[in-house]
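Student: Please choose a single part of this model and look at it closely. I would like to follow how that part connects to the rest of the chain.

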Amino acid sequence: MLESEEEVKHPGQDKRVWEVNTYENEKGRWNVYPGLCKGCGLCIEKCPVRVIDWAKELGSAGTPLVKPEIDGCIVCGICQTVCPDAAIHIEYKGRKVPPSAVPVH
Ligand code: SF4
Ligand code: SF4
């Protein structure tokens with residue numbers, strides 16, 4: 001089978017690296033990148049309110065993605081901090097934010 005033109009232009013590049021799954025509540029937005037998550041489960045283990053679980057969707061590594069029960073998320077940012085693959089990005093709304101966080105405008 002011939003490679004597509006895009007595959008020839010960008011050999012080995014995972015197209016899903018630019019995809020993002022976003023969940024939102026009144027405190028902020030919770031984003032996970034399917035092209036980066038390797039399914040290690042560290043975010044599930046470290047969430048202080050235990051609102052992250054496995055999703056049915058697979059990431060580009062072939063492992064299950066994670067998703068939050070967003071209503072219970074306190075937007076503490078711990079999952080973002082512990083993720084070894086920088087696959088989670090937390091955006092805070094309307095309060096003092098940690099230096100690494102990006103406020104929502
Ligand atoms: S931001 Fe905090 S509360 Fe929300 S999912 Fe991540 S670790 Fe859990
Ligand atoms: S810590 Fe990062 S790589 Fe590991 S399961 Fe969570 S989002 Fe995926």
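**A loop residue and its setting**

Tutor: Valine 75 is found in the loop between strand E4 and helix H3 (78-82), where the elements are DSSP runs numbered from the N terminus (helices H or I, at least four residues; strands E, at least two). This is a predicted model, in which local features need pLDDT of at least 70 and side-chain atom pairs count only at pLDDT 80 or more, whereas totals for chains, interfaces and linings use all residues. Residues are numbered from 1 along each chain as its sequence is written, while chains are lettered from A and ligands numbered from 1 in the order in which they are written.

Valine 75 counts as buried because it has 22 C-beta neighbours inside 10 Å (20 or more other C-beta atoms, placed from the backbone, within 10 Å make a residue buried, 12 or fewer exposed, anything between partly exposed). Its backbone deserves attention as well, since the phi of valine 75 is positive, near 55°, although the residue is not a glycine. Most residues other than glycine have a negative phi.

A useful partner for comparison is alanine 86, which lies in the loop between H3 and E5. Alanine 86 also has a positive phi without being a glycine, at about 50°, but it counts as exposed, because 10 C-beta neighbours lie inside 10 Å.

Now consider the strand at the start of the valine 75 loop. E4 (residues 64-68) pairs with E3 (residues 52-58) in the antiparallel sense over four bridges (at least two DSSP bridges are needed for pairing). Within this pair, aspartate 53 has lysine 67 in E4 as its bridge partner. The hairpin of E3 and E4 has five residues between its strands, and glycine 62 there takes a positive phi near 85°.

The helix at the other end of the loop leads us to the ligands. Ligand 1 is surrounded by 13 residues, and the closest are Cys47, Cys73, Cys76, Ile78 and Cys79 (the C-beta atom must lie within 6 Å of the molecule). Ligand 2 likewise has 13 residues around it, of which Cys37, Cys40, Leu42, Cys43 and Cys83 come nearest. Cysteine 37, leaving aside residues up to four places away in sequence, touches Val32, Gly59, Leu65, Val66, Asp85 and Ala87 (a contact is a pair of C-beta atoms within 7 Å).

Strand E5, beyond the alanine 86 loop, contains tyrosine 92. The C-alpha atom of tyrosine 92 is 4.4 Å from that of glycine 28, although the two residues are 64 apart along the chain. Tyrosine 92 has 18 C-beta neighbours inside 10 Å and therefore counts as partly exposed.

Stepping back, the chain has three helices and six strands, which follow the order α-β-β-α-β-β-α-β-β from the N terminus. Of its 105 residues, 21% are buried, and among contacts with a separation of 6 or more, 51% join residues 24 or more positions apart.

The pLDDT (confidence per residue, from 0 to 100) averages 84 over the chain, with 74% of the residues scoring at least 70. Confidence is highest in helix H2 (residues 42-46), at 98, and lowest in helix H1 (residues 5-9), at a mean of 48. Residues 1-8 have a pLDDT below 50, and beyond near neighbours in sequence this stretch has one contact in the model.

Note on methods:
pLDDT is the predictor's confidence in each residue, from 0 to 100. Two residues are in contact if their C-beta atoms, placed from the backbone, lie within 7 Å.
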